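Dear colleague,

Please find below the sequence and structure that I am handing over to you. My findings follow directly after them.

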Amino acid sequence: MSAPEATTAGEPLLRVDRLTKTFGGVQALKDVSVTIRSGVVHGFVGANGAGKSTLIRCLAGIHRPDAGTIELDGAPVDIHTALDASRLGMAFIHQEMSIIPGWDVLRNMALGMPYRTRAGLIDWKATRRRAEIVAEKVGIRFSLDAIIDDLSTADQWLVMIARALMQDARLIAMDEPTASLSPQEASRLHGIIRELTAAGTAVIFVSHRLAEVSELCEDITVFKDGRVVRTAVGQRLTSHELVEAIVGHHMELTRRPEPPAHVGEPVLDVEHASDGRLVQDASLQVRAGEVVGLGGLVGAGRTEFTRLIYGAERLRTGEVRLAGRTVRFHEPADAVAQRVGIVPEERRSQGVFLDKSIDFNINLASLDSLRTGRFVPWLRLGAGRKRAQRLIDEVGIKARGADQPVGALSGGNQQKVAVARWLTHDRQLLILDEPSRGVDVGARAELHTLIRDLAGRGAAVLVVSSDNEELVALCDRVVVMAEGHVVGELVGDQITTKAILALSFARAHKQEDVA
Ligand SMILES: Nc1ncnc2c1ncn2[C@@H]1O[C@H](COP(=O)(O)OP(=O)(O)OP(=O)(O)O)[C@@H](O)[C@H]1O
């Protein structure tokens, strides 16, 4: 198999015809037909579990379709392995990027495709030369010798795109590339994608951020329950049209919540917290019944601040009070024991047990309340399963049943499990870091309603989000951080995306003024 000849921009490059894929009893793709054109960004949108990633994985040689055909440049192709896909000029950046931790940027870029000498040895000199050209093209400004773990998520994405270009990919599929990026980083990535398509590369772009899909994608395919429900070619759909196609009806995207009916005593009170590094003298209060947002740019220290609060990092100076009592959590489990619920930023490594069932994951947090007696630590499994099923319905987790392993769910549904496990009624404080990352537009609104309901029942909620629209739609108050400091606070109707952004940059402007 060899990479086919170049196709003219706008011409069909890849045709998928009536592809079908079933996992056990779940029909992930049903008769899906899609045409990808050269030089065009093609958006894949749809609710969690609609089939977007499965189609991409079929193209990448990870899954074998049950039926249907794939054609490249008009000729049928059989993709059995990742190597087949790569030889055909297709590169894939999946939701969980395949970086090799501990390796430098150069080796990560050259993975699988380094230049070789005639003797078959890796020609690092030629590989580096090529890598330098590619790095320049995608705007990599860090050293090729940097260790990949030390880079931001946005920079790791650049390395993945650079890897695709090292392979001379004619088609690059990116599964939710902007989910973990700030608006600024995302717009930098959009610029790079536009340059790639201008040079003739076809790009498949998966995202739940509908505004960016509307702006960036010339062609769009909307998936629903494994089927294609709308195809737009050369016609940009607005966010509202996309929402209607995805959820089946019109939905208001950002509306301020009703003010809380009752705000009680402070549940969380943090004073002058510092870790000596990323968080400096940060104070914050969350009262019972309130949803407080932590806004700011990526790298502002928000995640680190929450980790200090719940004991994942060591507090150097300052004080944390929970319901009026000074606490010092040595690890997150200490916080959980004090009725704190935590949804960490890194779902896969810290949030859920992928090989365990949905009901196990959901009930893990509340095992105590499922014990039948103090001295008989006997789990009332029936009650646990019932609770899991209720949450699966309420949050709209798309699964075969409560006993399905979380690892077999789509990315967004895994995130819903990570959040749902805390939606029981016995948490006095919930700390949610990017709770709706990768969650579809309909489910996001449902998740927000559940979070507000919990606050309505008296819980204090602290939410970190890089999506300012989410903070507007969810929070009673927003505390903004910049460079490790709390730089301001917005209350009620003061909370707008513009105001959050202005505060996020306020510190940098002040420093410029001084300079
Ligand atoms: N390896 C697997 N085993 C079993 N079921 C699977 C597997 N991979 C996907 N599925 C199921 O196939 C369906 C489609 O999942 P897919 O990951 O394609 O959705 P998606 O549209 O990419 O969703 P998301 O936006 O949440 O990433 C889901 O019901 C999912 O649970």
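In this predicted model, four strands form an open sheet in the order E2-E1-E4-E5, and their pairing is antiparallel. Strand E2 (26–37) and strand E5 (75–76) are the edge strands, each pairing on one side only. Within the sheet, strand E1 (residues 12–23) runs antiparallel to strand E4 (residues 67–72), and 5 bridges join the pair. Val16 is found opposite Ile70 in E4.

Strand E2 also contributes to the surroundings of the ligand: E2, helix H1 (52–59) and helix H14 (411–420) each provide at least two residues of the shell. There are 20 residues around the ligand, and those that come nearest are Ala28, Asn48, Ser53, Ser410 and Gly412. Sorted by class, the shell comprises 10 polar, 7 nonpolar and 3 charged residues. Because both domain 1 (12–247) and domain 3 (353–420) give residues to this shell, the ligand lies between the two domains.

A further open sheet has 6 strands with mixed pairing, in the order E16-E17-E18-E13-E19-E20. Its edges are strand E16 (340–343) and strand E20 (485–491); each has a single partner strand, so one side of each is left without a neighbour in the sheet. On average, and with direction ignored, neighbouring strands of this sheet are turned by 15° against each other. Strand E13 (residues 291–295) pairs with strand E18 (residues 460–464) in the parallel sense over 4 bridges. In this sheet, Leu294 stands opposite Val464 in E18.

With kind regards

Definitions and conventions
Residues are numbered from 1 along each chain as its sequence is written. This is a predicted model: local features need pLDDT of at least 70, side-chain atom pairs count only at pLDDT 80 or more; totals for chains, interfaces and linings use all residues. Two strands pair if DSSP finds at least two bridges between them. A residue is near a molecule or strand if its C-beta atom, placed from the backbone, lies within 6 Å of it. Ala, Val, Leu, Ile, Met, Phe, Trp, Tyr, Cys and Pro count as nonpolar, Asp, Glu, Lys and Arg as charged, and the others, Gly among them, as polar. Domain bounds come from an automatic or database domain assignment. Axes are lines fitted to C-alpha atoms, for helices over the stretch in contact, and angles run from 0 to 180 degrees between N-to-C directions.
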